[in-house]
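Here is a quick walk through one protein model, with an eye on rings, strands and what gets covered up. Have the viewer ready and follow along.

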Amino acid sequence: MSHRNSARPVVAFGLALISAGWLACSSPADRSPPADAVGAPEFLAGEDPANWVKIYDPARAWNGYTLALYGRRIPMLLDMNGKVLHSWTEARVKSRVRLLPDCSLLGLALGRAIVEYDWNGELVWEVPIENAIPHHDLIRRANGNTMVLILRGGERTDDILEINRAGDTVWEWKSGEHLDAYYALETASAEITHLNSIQELPPNKWFDGGDSRFRPGNLLISARNMNAIFLIDRATKEVVWTYSHELDRQHEALMIAKGFPRAGNIVLFDNGYASTHVYRQSRILEIDPSDKAVVWSYDAEGFYSPTGGIEQPLPNGNVLISSTRGRRAFEINRAGRTVWEWAPPFEPNRPSRIAYDHCPELVARAKPDPRPVRPRADYRHVDPRTYVYARKGAIAEVRIDGAERRALREKNSCRKVLVPAEAEVLLGYGINRRGARGAGHANYSARFRLTLSGTDPPTEEVLVDETLDMTRSNWEERAVGLDEQAFRWVDLCLSIERVGATTEAEPTKFAFWTNPVILPRGQQQGSAPADQPTLLTPEEAEVQRQHLKALGYVD
C-alpha cells in the first residue's frame with residue numbers, strides 16, 4: 001500500500017535569535033539571575049540559563065553543544081555552561097528535533113507534519129501526514145529520505161513511513177502486520193505498540209562477523225507498551241531479533257556506533273513505570289545483542305522518570321541521560337560519576353549532545369571556554385517523580401461543599417517516597433458536610449491521620465492526627481516540614497477513620513484527602529513537575545492535547 005504526501009516550499013518565518021547567556025563557574029547556590037542579561041533570548045523571560053547547569057567537570061565530560069527544546073517548543077543550542085548560543089524561535093516543533101550535517105533542523109511539527117528549518121529559521125521543507133499523527137521520533141537517512149513514526153486515526157498500532165524529498169512515501173512498515181505474534185489483542189492496552197524510537201543500524205561487528213540480522217540499514221525500534229525492542233529487516237520487513245527481558249515502558253533503543261567504546265552493544269532507557277508504588281527507579285541498560293546479556297547498567301537513588309527519558313552514548317564512553325520527568329539531563333562516565341548536569345525549571349524533552357564540528361555553522365564558531373561548575377558538598381538532585389505520592393489515575397475530581405477538589409480515590413493508603421533536601425509536604429483534607437447531611441448523617445465526624453516511617457534509622461512520626469466534624473471548618477490545609485528526612489526513603493501512610501459510626505456501610509464516604517504534595521521548601525505548588533512553559537497558542541495546545549490523548553497519555 002502506498003501513501004502519498006506532497007512536500008511544499010514555504011516562505012521564511014524570519015531569522016532566529018542568536019543569543020548570549022551568562023557564564024558562571026561558582027556553585028549553583030552562589031548564582032542568581034542577572035538584573036540585565038544583555039542579549040539573552042526573549043523567550044527566557046529574564047532567566048539565566050547558566051543557573052541550570054549544576055555540575056560540570058570539563059576534564060571528564062564529552063564537551064560539545066546540547067540541542068534542547070525550551071518549553072516543549074523552541075529549539076536551542078547550549079554550551080556546556082548553559083549559555084544559549086543559537087535558537088530557532090519561529091520553529092513550530094514538538095518532541096524530537098535533529099540537527100543535520102548541513103546545520104538544518106529536522107523535526108516533528110506541532111500539527112500533523114514533518115518539517116525542516118534552515119540555520120536561520122526559515123521553513124524549507126514540510127510534508128503533511130494525512131489522517132495520522134507523526135510522533136516521538138524521526139531520522140534522516142544517508143540517502144536523504146526521512147523515516148518517521150506515525151499513528152493513524154482509529155488504529156491501535158503504529159506505522160513507519162520513509163518519505164523522499166518530493167514528499168512521496170517510498171517505504172512503509174505496519175507494526176500491526178508484523179508484531180501480532182507478540183501480543184494478545186484482547187488484553188492489550190488501547191494503544192498496543194506505542195513506538196517511541198527508531199534507529200537505522202550503523203556498520204557493526206555482528207554483521208561483519210556474518211550475522212545478517214544486524215545488516216546496516218535494518219531498523220531498531222522500541223515499542224513502549226509492549227515492553228520490548230525489535231529489529232526489523234528492512235528488505236523483508238520481518239522481525240529478526242527481539243529483547244524484552246524485564247523491560248518496563250522503555251525508550252530509545254540504540255546500537256553504539258563503530259569508533260565508540262563498546263561498539264555494537266545496544267543501550268536503552270528502562271523507565272520502571274510499574275515501580276511507582278514500590279522502589280521508583282529507572283535504569284540505563286547496555287545489552288550484548290549476540291547473547292542478550294546485560295553487560296552494563298546504571299541506576300541511582302533519585303533517578304526516576306516513569307515516562308519519557310532517553311540516553312545517548314558519547315564518543316568517550318560516557319552516556320548522556322535525559323530524565324524527562326526528573327527535570328534534568330546529566331552525563332555520567334562508566335563508573336556512574338556525574339560529570340555534567342543540567343536541571344532547567346521545566347521537563348527537558350529529548351536533548352542531544354552535538355559535536356563542536358557537527359556542521360559548517362559550528363565549525364566557523366570559536367569553541368567556548370569551558371568553566372567548571374562545582375556543586376556544594378551536600379548537593380544532590382532528586383527527580384521529582386521519586387517523591388510524588390500518587391499518580392494521576394489515583395485522583396478524582398470531587399465537589400466538597402460547593403468547592404472542586406482533587407481527592408485521592410483511596411481513603412487509606414501508603415506510598416514509599418524519597419524525600420528531597422529542605423522539603424515540606426502540603427496537605428489537604430476535609431468533610432463534605434452537605435453530602436453527609438443529605439444522607440442523614442447530621443453528626444458526621446472523621447479522624448484523619450498521616451504518619452511517616454523509615455527504616456534507616458527506624459522512625460515513626462505522626463504528621464497529622466485530627467478529627468473534623470460538622471461544627472468545624474470542613475476543609476484544612478497545612479504544610480509540614482520534612483527536614484530530618486532529607487534523602488531518605490520513607491513510607492507516608494494516609495488513613496481516615498469514621499468516628500462514632502454505627503454501621504460498617506460506607507463509613508468514610510464523605511471524608512477526603514487530596515494528593516499530598518512534596519516540594520523543596522519555597523517552591524510554589526503551581527510549579528510542580530507536571531507544569532512548565534509551553535509557549536503554545538491555544539490552537540496548538542489543543543492539537544497537542546488531542547495528540548496526547550490519541551497516544552494514551554491523557555484521558
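A residue counts as buried here when its relative accessible area is under 20%. With 9%, Tyr 298 falls under that cut-off, so Tyr 298 is buried. Keep in mind that this is a predicted model.

**The overall picture**

The protein has 555 residues, and 55% of them count as buried. Its secondary structure comes to 4 helices and 35 strands. If you take the contacts between residues at least 6 apart in sequence, 60% of them join residues at least 24 apart. The exposed surface is about 23200 Å², with carbon and sulfur atoms supplying 49% of it.

**Rings around Tyr 298**

A search of the whole structure turns up 18 aromatic pairs. One of them joins Tyr 298 and Phe 303: the planes sit at 40° with the centres 5.7 Å apart, so this pair is tilted. Phe 303 has a relative accessibility of 0% and counts as buried. Tyr 298 also pairs with Phe 330, again in a tilted arrangement, with 6.1 Å from centre to centre and 55° between the planes. What does that second pair tie together? Tyr 298 belongs to strand E20 (residues 293–298) and Phe 330 to strand E23 (residues 328–332), so the pair links parts that are 32 residues apart in sequence. Phe 330 is buried too, at 0% relative accessible area.

Elsewhere, Phe 43, Trp 52, Tyr 70, Trp 342 and Phe 346 make up one aromatic cluster. Rings also meet charges: the charged end of Arg 165 sits over the ring of Trp 125, 4.6 Å from its centre. Likewise, Arg 334 places its charged end over the ring of Trp 296, at 4.4 Å from the ring centre.

**A buried serine**

Ser 322 is located in strand E22 (residues 319–323). Its relative accessible area is 1%, so Ser 322 is buried. Leaving aside residues up to four places away in sequence, Ser 322 touches several others, among them Phe 269, Ile 310, Arg 328 and Pro 348.

**Strand E3 and its neighbours**

Is strand E3 (residues 74–78) enclosed or open? 5 of its 5 residues are buried, so E3 is largely enclosed by the rest of the structure. Ile 74, Met 76 and Leu 78 point one way from E3, while Pro 75 and Leu 77 point the other way. E3 pairs with E2 and with E4, as the table shows.

| Strands | Pairing | Opposite residues | Hairpin |
|---|---|---|---|
| E2 (residues 65–70) and E3 | antiparallel, 5 bridges | Leu 69 and Pro 75 | 3 residues between the strands; Gly 71, positive phi near 60° |
| E3 and E4 (residues 84–87) | antiparallel, 3 bridges | Leu 77 and His 86 | 5 residues between the strands; Gly 82, positive phi of about 90° |

**A four-strand sheet**

Strands of a sheet pair through backbone hydrogen bonds, either parallel or antiparallel. One open sheet of 4 strands runs in the order E5-E6-E7-E8, with antiparallel pairing. Strand E5 (93–99) and strand E8 (123–128) are its edges, each pairing on one side only. From one strand to the next, the twist averages 20°. Strand E7 (residues 113–117) is joined to E8 by 5 bridges, and Ile 114 stands opposite Val 127 in E8.

Technical notes: Residues numbered from 1 in each chain as written. Predicted model: local features only at pLDDT ≥ 70, side-chain atom pairs only at ≥ 80, totals over all residues. Heavy atoms only, no water. Phe/Tyr/Trp six-rings, centres within 6.5 Å; stacked < 30°, edge-to-face > 60°. Buried < 20%, exposed > 50% of the residue type's maximum accessible area, 1.4 Å probe, protein only. Helix = DSSP H or I, 4+ residues; strand = E, 2+ residues; numbered from the N terminus. Lys NZ or Arg CZ within 6 Å of the ring centre and 35° of its normal. Contact = heavy atoms within 4.5 Å. Areas by Shrake-Rupley, 256 points an atom, 1.4 Å probe, with all protein chains shown as cover. Pairing = 2+ DSSP bridges. Axes fitted to C-alpha atoms, helices over the stretch in contact; angles between N-to-C directions.
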